[in-house]
Number of protein chains: 2
Amino acid sequence: MEPSWDDLRTVLSLVRGASLASAAEELGVNYTTVARRISRAETALDQKLFDRLADGYRPTEAGKTIAEHAARMEDHAHGLMRQLQGQDNTLRGPLTITAPQLLIAHALAPAIDQFCTAYPEIALHVRATNDLLDLNRREADLAIRISRDPGDSLKGLRLTQQHSASFATQAWADRIADDPDTLIDWVVYAAYQDVPRNVDPTFPNHRIRLTFDDMVAIRAAAQAGLGVARMPLFLGRATPGLVQIPVLPPQPYAEIWAVGHPDVWPAAKVTAFRNILVPHFRSIRDKFVAKAA
Amino acid sequence: MEPSWDDLRTVLSLVRGASLASAAEELGVNYTTVARRISRAETALDQKLFDRLADGYRPTEAGKTIAEHAARMEDHAHGLMRQLQGQDNTLRGPLTITAPQLLIAHALAPAIDQFCTAYPEIALHVRATNDLLDLNRREADLAIRISRDPGDSLKGLRLTQQHSASFATQAWADRIADDPDTLIDWVVYAAYQDVPRNVDPTFPNHRIRLTFDDMVAIRAAAQAGLGVARMPLFLGRATPGLVQIPVLPPQPYAEIWAVGHPDVWPAAKVTAFRNILVPHFRSIRDKFVAKAA
DNA sequence: TCCATACCATGCGATATTGCATATTATGAA
DNA sequence: TTCATAATATGCAATATCGCATGGTATGGA
């Protein structure tokens with residue numbers, strides 16, 4: 001007897017998740033179902049695929065072998081779904097996009113609104129996250145990303161350039177204006193761990209006061225007066241309580257791209273979304289870049 | 001909604017078989033089940049996968065796309081099953097071998113008997129056919145073939161060389177002995193369509209009387225006295241009513257090989273079978289080759 | 001024309017699968 | 001020790017799936 005393909009897939013999920021509950025969640029079934037499918041596969045193959053331990057299921061060699069091949073099968077299943085979607089020329093049904101929360105809040109919302117109105121039959125799902133979702137696995141159909149280039153083997157469309165600058169409360173702005181030599185507290189990304197390069201030499205004294213791994217937190221800290229933060233123009237300008245200060249002159253920041261998998265790119269729904277995105281970003285370009293001097 | 005992997009597999013079978021009944025047979029289910037799985041997949045994808053015609057189901061572009069990817073998934077499923085089998089070091093359960101009918105009847109039967117006795121827990125299945133079964137698709141685990149080399153990307157083990165010669169009834173033998181110039185009727189393979197090369201020039205007159213596409217038929221024709229046939233020594237010698245005649249001197253014929261897929265080759269059951277096959281063929285080598293002059 | 005054949009569609013009862021509720025066990029922190 | 005947590009197992013009822021039987025339709029040959 002050979003196990004069914006769905007049972008092979010279940011083995012894959014269980015090897016990945018290492019527990020019935022985790023695999024069940026991934027598959028969208030009850031965890032008892034996972035347990036029974038595994039038993040069924042073991043019976044069909046007449047060999048043990050997992051050791052039942054107190055802290056979960058640990059795959060045997062045979063279980064690992066199945067998982068490896070099932071992962072390839074899954075690749076093809078994903079490729080299939082992408083290709084079907086790319087061929088889909090209807091303007092109804094589900095469409096998933098992803099973008100960073102802050103970009104949605106300050107730049108994307110009107111475009112999303114316009115899209116929903118224009119295509120009421122499309123069920124738009126927006127995943128607001130800074131995580132780079134896996135477009136191969138169809139975690140999203142189109143991603144709006146802040147990065148230097150589309151990367152990978154993905155298709156990309158540049159929506160706009162943007163600049164960053166320094167922002168702080170009015171109190172900080174006044175203090176720095178009064179005394180350029182004052183010690184300037186910075187609130188920065190943990191990833192950088194240093195004061196931005198290219199600060200205006202007029203302001204010689206800096207220190208890192210706080211680091212965060214999230215821009216929302218940095219902005220909140222700046223709003224609370226904890227220091228100066230470098231952020232994209234669109235964000236600083238739109239944040240109440242923050243004003244742009246001359247410590248860091250406006251300078252190029254990572255661009256904003258729409259990226260998608262080449263298979264999915266030509267789909268009617270994806271194209272329709274891009275066709276709203278492009279003029280929208282053209283119309284709000286001034287939010288992102290400093291005026292030419 | 002995404003279709004289940006088993007439903008994708010069902011689409012593949014239906015694209016291949018072009019009718020519910022054919023797909024159902026391939027999958028080992030009732031044909032109504034196939035129809036319902038297709039409907040389910042179409043609902044899940046919200047698009048038609050087949051046109052229902054009077055003479056069967058014809059796939060749409062989407063249906064074909066699914067079939068292409070599902071075929072890749074199937075390749076991996078086969079690869080998986082082969083690999084699992086290759087890792088299997090038990091001596092119980094199913095084992096499928098294939099060999100030409102005539103070879104089984106005249107040379108292999110004792111080895112098969114010996115194997116079944118030695119490994120009673122192995123459920124041996126013998127597919128007696130001249131068709132080259134697809135070892136990639138696990139139509140057999142080990143094949144015994146008459147050919148020049150294992151071919152493809154398969155593993156091979158040469159079991160014996162063999163010779164062919166000319167055989168006919170005693171009446172023909174007498175007639176040719178009396179008059180070497182007599183017109184000799186040949187019964188030959190359709191594929192060759194000509195008298196064998198290397199006939200002894202002592203016998204100058206030949207004609208093709210009959211062609212067949214099957215050795216069993218050729219042998220029967222020769223037994224019935226319809227003419228002279230070239231066949232492997234082991235076959236001619238074992239056929240009642242036929243005697244070897246000097247028209248065609250013994251000469252090299254295609255060798256006998258055990259061939260298998262490299263993945264499956266190391267499996268305990270397959271190895272066990274080979275380990276019986278090799279000494280068996282060594283012990284019956286005289287059936288296959290002419291005595292050294 | 002008529003019949004045999006090879007398809008597909010659908011209703012119904014049998015069966016297999018699934019989810020829920022509950023029981024059980026090991027682990028680690030208070 | 002005791003309790004909370006996170007795992008796996010299992011009985012039972014709901015549900016989905018399946019196979020069978022029946023009916024319908026087009027095709028091709030007698």
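In the predicted model, A:R92 is partly exposed, with a relative accessible area of 35%, and its side chain forms a salt bridge with B:D46 in which the closest N and O atoms are 2.5 Å apart. This pair crosses between chains, running from the loop between α4 (61–87) and β3 (93–99) of chain A, where A:R92 lies, to the loop between α3 (31–45) and β1 (50–53) of chain B, which holds B:D46. Over all chains, the structure holds 28 salt bridges.

Other salt bridges link distant parts of one chain. In chain A, A:R209 and A:D185 meet at 3.8 Å, N to O, and this pair connects strand β8 (residues 206–212) with strand β7 (residues 184–189), its members being 24 residues apart. A:R209 counts as partly exposed at 44% relative accessibility, whereas A:D185, at 7%, counts as buried. In chain B, the closest N and O atoms of the salt bridge between B:R40 and B:D7 are 2.7 Å apart; B:R40 belongs to helix α3 and B:D7 to helix α1 (residues 5–17), with their positions 33 residues apart in the numbering. Here B:R40 is partly exposed at 48% relative accessibility, while B:D7 is buried at 3%. Salt bridges with shared partners further join A:R16, A:E26, A:E74 and A:R137 into one network.

With regard to the arrangement of the copies, a turn of 180° and a shift of 0.0 Å along the axis lay chain A on chain B with an RMSD of 0.1 Å, which is the relation of a two-fold axis. The same surface serves both copies, as 100% of the contact residues of chain A recur in chain B. Of the residues of chain A, A:M73 comes closest to the rotation axis, its C-alpha lying at 2.4 Å.

Technical notes
Residues numbered from 1 in each chain as written. Chains lettered and ligands numbered in written order. Predicted model: local features only at pLDDT ≥ 70, side-chain atom pairs only at ≥ 80, totals over all residues. Heavy atoms only, no water. Least-squares fit on C-alpha atoms with pLDDT ≥ 70 in both. Contact = heavy atoms within 4.5 Å. Salt bridge = Lys/Arg side-chain N within 4 Å of Asp/Glu carboxyl O. Helix = DSSP H or I, 4+ residues; strand = E, 2+ residues; numbered from the N terminus. Buried < 20%, exposed > 50% of the residue type's maximum accessible area, 1.4 Å probe, protein only.
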